[in-house]
Amino acid sequence: MRYGIFSDIHGNLEAFEAVLSGLANEAIDAYLCVGDIVGYGANPGECIGRVLDLRAVSIAGNHEYGVLGKIDLAYFNPHAADAIVWTQNHLDRGRQDFLKTLPLDFKNEDLIMVHGTLQKPGMFIYLITFSEAAETFKLMTRKVCFVGHTHVPVIIQEQDFNIHRAKSFSITMEPQCKYIINVGSVGQPRDRNPKAAYCIYDTDLNTVDIKRVSYPIEEAQAKIRNAGLPESLATRLAEGW
Ligand code: ZN
């Protein structure tokens with residue numbers, strides 16, 4: 001089985017289409033979306049449409065919860081909150097109804113996925129430290145857990161309670177280890193690399209590859225500006241921050 005996995009699309013259709021072009025050549029059997037399809041970018045409805053076309057299994061991120069009114073806007077920084085209100089006003093009823101169907105986590109025979117951490121998925125905790133990773137490793141009933149939310153790709157490996165970061169974004173998994181994989185962000189990378197991120201997980205080869213692809217950033221920026229969304233949401237795309 002080959003999974004194509006992406007997260008934090010954030011309404012950036014140009015970035016998402018570049019990712020989908022990259023995945024089109026990868027003999028993908030199933031697509032997974034780790035949350036935050038909407039928020040920040042100017043094409044939330046179109047991005048949801050692509051997710052539906054792919055029949056991607058999707059979970060909810062904090063921006064879906066914000067748009068649905070399940071999280072108070074005070075939780076978000078002012079620019080994110082502005083974008084959530086904009087998204088509420090520009091997403092049709094059908095798309096909003098789709099967001100309501102998204103669960104907080106997903107599990108099948110191969111993997112688990114959650115936007116933040118397995119401890120309290122609805123709290124959308126940022127998985128950054130090894131102690132936060134340890135909590136999620138404890139709760140993992142599968143070898144691998146895919147996460148998003150930080151917009152920073154990372155592969156964290158655990159064996160006998162020893163945790164470390166993998167040195168590569170392209171690994172063959174060891175049989176005795178468990179893995180937390182942050183697949184990075186399609187639509188708003190924050191690791192100083194502006195290229196869109198996505199991941200391929202091959203269960204036959206036991207490999208995980210996090211890849212990057214460039215996309216027409218200026219087009220996504222122009223849409224953000226024309227929509228009247230906060231200027232910083234446009235400028236940060238070019239900085240990858
Ligand atoms: Zn996000």
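Me: How many disulfides does a search of the whole structure find?

Reply: The search finds zero disulfides, a disulfide being a pair of cysteine sulfur atoms within 2.5 Å. C145 is in no disulfide, as its nearest cysteine sulfur, that of C199, is 12 Å away. This is a predicted model, in which local features need pLDDT of at least 70, side-chain atom pairs count only at pLDDT 80 or more, and totals for chains, interfaces and linings use all residues. Residues are numbered from 1 along each chain as its sequence is written, and side-chain values use heavy atoms, with hydrogens and water left out.

Me: Why is C145 called buried or exposed?

Reply: Buried means under 20% relative accessible area, exposed over 50%, and partly exposed in between (1.4 Å probe, protein chains only). C145 has 0% relative accessibility, so C145 counts as buried. C199, also at 0%, is therefore buried.

Me: Which residues are the protein donors of the zinc ion?

Reply: They are D8 (OD), H10 (NE2), D36 (OD) and H151 (NE2), 2.0 to 2.3 Å from the ion. Donors are N, O and S atoms within 2.8 Å of the metal (3.2 Å for Na, K and Ca); water is not among the atoms, so sites may look incomplete.

Me: What makes the arrangement around the zinc ion irregular?

Reply: Four donors count as tetrahedral if all angles lie between 85 and 135 degrees; four count as square planar and six as octahedral if opposite donors are over 155 degrees apart and all others between 65 and 115; anything else is irregular. Here the four donor atoms subtend angles of 84 to 174°, so the arrangement is irregular.

Me: Why is D36 called buried or exposed?

Reply: Its relative accessible area is 1%, so D36 is buried. D8, at 0%, is buried.
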